[in-house]
Amino acid sequence: MVAGEAGGITQAIGAYQVRTEVDGKKRRITFIDTPGHEAFTAMRARGAKSTDIAVLVVAADDGVMPQTIEALNHAKAADVPVVVAVNKIDKEGADPTKVRGQLTEYGLIPEEYGGDTMFVDVSAKAELGLDGLLEAIVLTADAALDLRANPDMPAQGVAIEAHLDKGRGPVATVLVHRGTLRTGDSIVAGSAFGRVRALINDQGGTVDEAPPSMPVQVLGLTSVPGAGDNFLVVEDDRMARQIAEKREARQRAAMLAKTTRRKTLDQLFEQLAKGEAEELRLILKGDSAGAVEALEDALLQIDVGEEVELRVIDRGVGAITETNVTLAAASDAVIIGFNVRAQGKATQLADAEGVDVRYYSVIYAAIDEVEAALKGMLKPIFEEKVLGQAEIREIFKSSKFGTIAGCMVLSGLLRRNAKARLLRDGVVVAETSIASLRREKDDATEVREGFECGTTLANFSDIKKGDIIETFEMVEKPRD
């Protein structure tokens with residue numbers, strides 16, 4: 001696996017091979033490229049589990065970045081040896097020594113410092129040091145690993161990536177771990193199954209078989225498997241179908257359990273107390289299983305508190321179909337298309353049903369818009385703003401107005417119809433509002449600090465001299 005600031009060392013998405021010769025022995029090395037952005041953490045985790053050696057690529061001018069540490073942690077969790085490629089050494093400001101020092105803090109000690117990790121200075125653009133990198137990979141494999149696989153058994157491996165091709169149907173890029181995959185084999189990959197119609201190598205040519213450690217694209221599946229799904233060859237198509245159906249049933253049950261939120265009575269009461277929780281439902285469609293997975297992981301990590309929930313009710317690879325639109329209409333969901341578009345009558349159906357379909361080609365744009373939508377669903381936050389305080393200095397009785405408080409405004413202002421509370425010795429006696437307000441003999445809308453006034457409180461007359469009337473209003477507070 002290659003992870004980090006790849007910078008051109010891996011020149012193809014998916015898996016591909018190079019052939020090298022060390023100590024007179026011909027070797028085949030398969031590279032799996034993983035994106036560097038934080039949204040693709042699941043891809044890096046999956047790549048670490050699928051490979052024997054992790055090549056950690058660090059740019060010599062930028063040094064160790066957060067995704068570098070994350071990729072290193074995935075490699076450690078998968079317990080695979082690490083080779084470090086210090087890239088861009090030909091750029092101005094490059095400092096390979098600094099990179100070595102930074103990675104020492106994370107337990108990668110270069111051999112030249114007495115450690116056991118091989119560091120190789122390379123430049124992908126200038127093609128410098130690449131032979132040394134291949135040699136370091138082979139030497140690390142020979143020293144730390146016993147890489148042997150039985151080529152005569154039915155093939156097993158992992159689907160690195162998968163997508164739906166318009167002309168060829170479902171296409172899965174698989175890496176054979178053991179056994180030999182051949183044209184005509186009955187295969188199960190996740191919940192997808194089929195008979196291998198063709199095998200295409202990393203050069204785009206057709207091959208009849210793929211031995212251990214060889215990546216190939218498989219044609220002939222009935223549906224698109226998930227990225228990271230294991231595959232295996234079985235006796236016949238009937239067995240492949242049965243295994244696929246059982247896997248699909250398990251996935252459906254797991255998805256149902258994941259999306260069904262069971263609440264205790266205490267949680268239900270809490271939710272009723274603060275009002276019905278808002279929920280944004282999404283249907284994700286993308287051009288590849290890995291992209292859909294990365295987008296879903298990134299969206300589910302958006303944090304806007306407990307008031308709003310985001311739920312992905314369906315996801316898949318390929319164009320947006322009428323079935324997706326129908327589900328969205330029934331569930332009040334929004335459809336997000338990542339590098340795909342609606343097909344057939346799906347667009348007209350979406351317009352007719354009022355389904356919101358959003359198209360994106362950049363993952364960050366999708367994340368930003370969904371986050372904005374979630375924040376827009378949040379209920380407004382109000383905070384109290386004190387308008388002013390007045391002291392009751394005289395009390396008058398009126399047959400027409402009831403009990404009238406003769407006040408001196410101490411601070412701010414008193415405003416007619418404003419919310420108010422009556423304070424006695426610093427304790428709130430009543431929550432009410434200003435029913436009437438007069439300045440001398442005239443009605444007033446508000447009376448400011450330093451002036452006397454007469455006022456009555458709505459539905460409250462038990463006032464005393466020395467009480468304080470405090471007026472306030474609730475102001476909407478902008479969210480961060």
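Let me begin with a strand pairing: strand S23, residues 427-439, runs antiparallel to S26, and 4 bridges hold the pairing together in the assignment. Before going further I should say that what we are looking at is a predicted model. Within that pairing, Arg438 stands opposite Gly454 in S26. S26 also has a second partner, since strand S21, residues 402-415, is joined to S26 by 4 bridges, again in the antiparallel sense, and here the residue that stands opposite Gly454 is Gly406. As for S26 itself, which covers residues 452-457, 5 of its 6 residues are buried, and the strand is therefore described as mostly covered.

Let me turn now to another strand, S4, at residues 54-59. How many of its residues are buried? The count is 6 of 6, so S4 is largely enclosed by the rest of the structure. In a regular strand, side chains alternate between the two faces of the sheet. In S4, Ala54, Leu56 and Val58 point one way while Val55, Val57 and Ala59 point the other way, and every one of these residues is buried. S4 pairs with strand S5, residues 82-87, in the parallel sense over 6 bridges, and in that pairing Leu56 stands opposite Val84.

Next, two helices. Helix H2 takes in the 12 residues from 66 to 77, and at 1.5 Å a residue it should span 16 Å, which agrees with the 17 Å between its end C-alpha atoms. Its buried residues include Gln67, Glu70 and His74, together with Ile69, Ala71 and Leu72. After H2 comes Asp79, which has a positive phi, near 60°. Helix H4, with 15 residues from 130 to 144, should span 21 Å by the same rule of 1.5 Å a residue, and its end C-alpha atoms are indeed 21 Å apart. Among the buried residues of H4 are Leu133, Leu134, Ile137, Val138 and Thr140.

I would now like to spend a moment on the largest nonpolar core, which has 20 residues, and in which Leu282, Leu284, Leu295, Leu299, Ile336 and Val370 touch the most other members. At least two residues each come from strand S16 (278-286), helix H7 (289-300), strand S17 (308-317), strand S18 (333-338) and helix H10 (363-377). Which of these elements gives the largest share of the core? That is H7, with 6 residues. If we take Leu299 and set aside its neighbours within four places in sequence, its contacts are Leu282, Leu284, Leu310, Ile336, Ala366, Ile367 and Val370. Apart from this core lies another one, of 19 residues, which includes Ala155, Ala189, Leu199 and Met214.

A single polar residue also deserves a look, namely Asn324, which is placed in helix H8, residues 322-331. Is Asn324 buried or exposed? Its relative accessibility is 6%, and because buried means under 20%, Asn324 counts as buried. Leaving out residues up to four places away in sequence, Asn324 touches Ile283, Lys285, Asp314, Ala319 and Ile335.

Finally, the aromatic rings. A search of the whole structure for aromatic pairs finds 0 of them. Charged side chains do, however, lie over rings: Arg341 is over the face of Tyr359, at 4.5 Å from the ring centre, and Arg421 is over the face of Phe472, at 4.1 Å from the ring centre.

Conventions:
Residues numbered from 1 in each chain as written. Predicted model: local features only at pLDDT ≥ 70, side-chain atom pairs only at ≥ 80, totals over all residues. Heavy atoms only, no water. Core = buried A, V, L, I, M, F, W, Y, C linked by side-chain atoms within 4.5 Å. Buried < 20%, exposed > 50% of the residue type's maximum accessible area, 1.4 Å probe, protein only. Contact = heavy atoms within 4.5 Å. Pairing = 2+ DSSP bridges. Expected span 1.5 Å × (residues − 1). Phe/Tyr/Trp six-rings, centres within 6.5 Å; stacked < 30°, edge-to-face > 60°. Lys NZ or Arg CZ within 6 Å of the ring centre and 35° of its normal.
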